[in-house]
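Reader: I would like a close look at a single part of this protein, namely one helix and the way its neighbours pack against it. Please take me through the contacts residue by residue, and then move outward to whatever surrounds them.

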Amino acid sequence: MKRPSTLVIASYATIYIVWGSTYFFIRQAVLTIPPLWVMAARWLIGGGLLLGFAAARGALRPLPSRRAVLSSVVLGCLLILGGNGLITVAEQHLDSYLAALLASSTPILVAVIDPLLLGKRLTLARVMGVVFGFVGVALLLYNGHSLAGSLGPPVLIGLAGVISWSLATSLGHRFPVSGDNTVNSGIQMLFVGLVSLVAALLVGPAPAQVVAHASTFSLLGVIYLGVLGSLAFAAFTWLVQAEPAERVVSYALVNPIIALFLGLVLASETPTPYLGIGVPVILVGLGFMLYGERLLGWVRGRARARD
């Protein structure tokens, strides 16, 4: 078997660690910096870096069409402004590991949205993934007293963000965007960064006040999100082209574990009563979503071989 190259290993390490720590650093950033300013700084940095990277390798020649730019902007509103933006707002009062675990349920929601909006067939593996996923999320959020009481405003805002991201994920391939993922994401990030900046300037506080009241760790968190977040996306884009898809999507199983460790161990966040049961159930659901078809095919093949 061919050994993976150093670049492959480094790319996997980047998407595992950086994406796994994203929600931890969002939480640290919004502790002393208003969410709109976090979003403005993060996405302006990220969009500028990705478009600069795209320009350096000639991906902006020719420039994307107006239709492609508009499509990227619409997707950016759903993915980044609605999806990540609402999660950022929620994390003012929501533990980072909970936000990360909610976000990890995106493939499960996509499996529900696809048949409803696109008429796709819901396979047995996906049905099992959806069932395990929803049960796991319910266990994760349950406060031990009542499910309704477990769904406070921060949780509902976070769930709305996950729904927005899932909707964009499901419908994304129907938008006529540029053929280059780095260009698409750069446009989305830059647009959302500009919108967030305008909103932050209108709503306040003023930039000088933000900087004066921001902690060093919050400022480092914003820089981490903007710079390393862009690097992680570049690594992901490269892996999609260089590695089998079933290995690349393994980040969806690894990231929640990293986020859980950072939130509970480093940030001393409070575990929910049924966290120890909910997390494994969610991971089983994700496993069915990502690898269920292959697993069921193997089981059927073994059964036929015995016959």
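Author: What follows begins with helix H3 and its two packing partners, then turns to the loops, a covered helix and the aromatic pairs. Please keep in mind throughout that this is a predicted model.

Helix H3 covers residues 66-90, and it packs with helix H8, residues 153-171, at an angle of about 160 degrees, the two axes being 8 Å apart. An angle over 145 degrees counts as roughly antiparallel, and H3 and H8 are therefore roughly antiparallel to each other. Their crossing is left-handed. On the H3 side the residues that meet H8 include Leu75, Leu78, Leu79, Ile80, Gly82, Gly83 and Asn84, while among the H8 residues that they meet are Pro154, Ile157, Gly158, Trp165 and Leu167. Sorted by class, this contact of H3 with H8 comprises 15 nonpolar and seven polar residues, with no charged residues.

The second partner of H3 is helix H9, residues 181-203, and here the packing angle is about 65 degrees, with the axes 8 Å apart. The crossing of H3 and H9 is right-handed. From H3 the contact draws on Val69, Ser72, Val73, Leu75, Gly76, Cys77, Leu79, Ile80 and Leu81, and from H9 on residues including Asn184, Ile187, Gln188, Met189 and Phe191. By class, the contact of H3 with H9 has twelve nonpolar, five polar and no charged residues. Leu75, Leu79 and Ile80 of H3 appear in the contact with H8 and also in the contact with H9.

The loops around these helices deserve some care when you inspect the backbone. Most residues other than glycine have a negative phi, and most peptide bonds are trans. The peptide bond from Arg61 to Pro62, however, is cis, with omega near 0 degrees, and Pro62 lies in the loop between helix H2 (35-56) and H3. A cis peptide bond also joins Gly204 and Pro205, with omega about 0 degrees, and Pro205 is found in the loop between H9 and helix H10 (207-213). Ser268, in the loop between helix H13 (251-266) and helix H14 (275-306), has a phi near 55 degrees, which is a positive value in a residue other than glycine. Ser268 is exposed, its relative accessible area being 58%.

Helix H4, residues 96-103, is mostly covered, since eight of its eight residues are buried. One of them, Ser96, has a relative accessible area of 1% and is buried. Leaving aside residues up to four places away in sequence, Ser96 touches Tyr23, Phe24, Arg27, Glu91, Gly263 and Glu269.

Finally, there are the aromatic rings, for which the count comes to eleven pairs. The rings of Tyr12 and Tyr16 have centres 5.9 Å apart and planes at 45 degrees, so this pair is tilted. Tyr12 and Tyr16 are four residues apart in helix H1 (residues 6-30), and are therefore separated by about one helical turn. Tyr12, at 10% relative accessibility, counts as buried. The rings of Phe236 and Tyr251, in turn, have centres 5.8 Å apart and planes at 80 degrees, so that pair is edge-to-face. Because Phe236 lies in helix H11 (residues 216-242) and Tyr251 in helix H13, the pair ties together parts that are 15 residues apart in sequence. Tyr251 is partly exposed, with a relative accessible area of 24%. Ring pairs link Trp19, Phe233, Phe236 and Tyr251 into a cluster.

Notes: Residues are numbered from 1 along each chain as its sequence is written. This is a predicted model: local features need pLDDT of at least 70, side-chain atom pairs count only at pLDDT 80 or more; totals for chains, interfaces and linings use all residues. Side-chain values use heavy atoms; hydrogens and water are left out. Axes are lines fitted to C-alpha atoms, for helices over the stretch in contact, and angles run from 0 to 180 degrees between N-to-C directions. Angles under 35 degrees count as roughly parallel, over 145 as roughly antiparallel, 65 to 115 as roughly perpendicular and the rest as oblique. A crossing is left-handed if the near helix is turned anticlockwise from the far one by less than a right angle, and right-handed if clockwise. Contact means heavy atoms within 4.5 Å. Ala, Val, Leu, Ile, Met, Phe, Trp, Tyr, Cys and Pro count as nonpolar, Asp, Glu, Lys and Arg as charged, and the others, Gly among them, as polar. Buried means under 20% relative accessible area, exposed over 50%, partly exposed in between (1.4 Å probe, protein chains only). Rings of Phe, Tyr and Trp (its six-membered ring) pair if their centres lie within 6.5 Å; planes under 30 degrees apart count as stacked, over 60 as edge-to-face and the rest as tilted.
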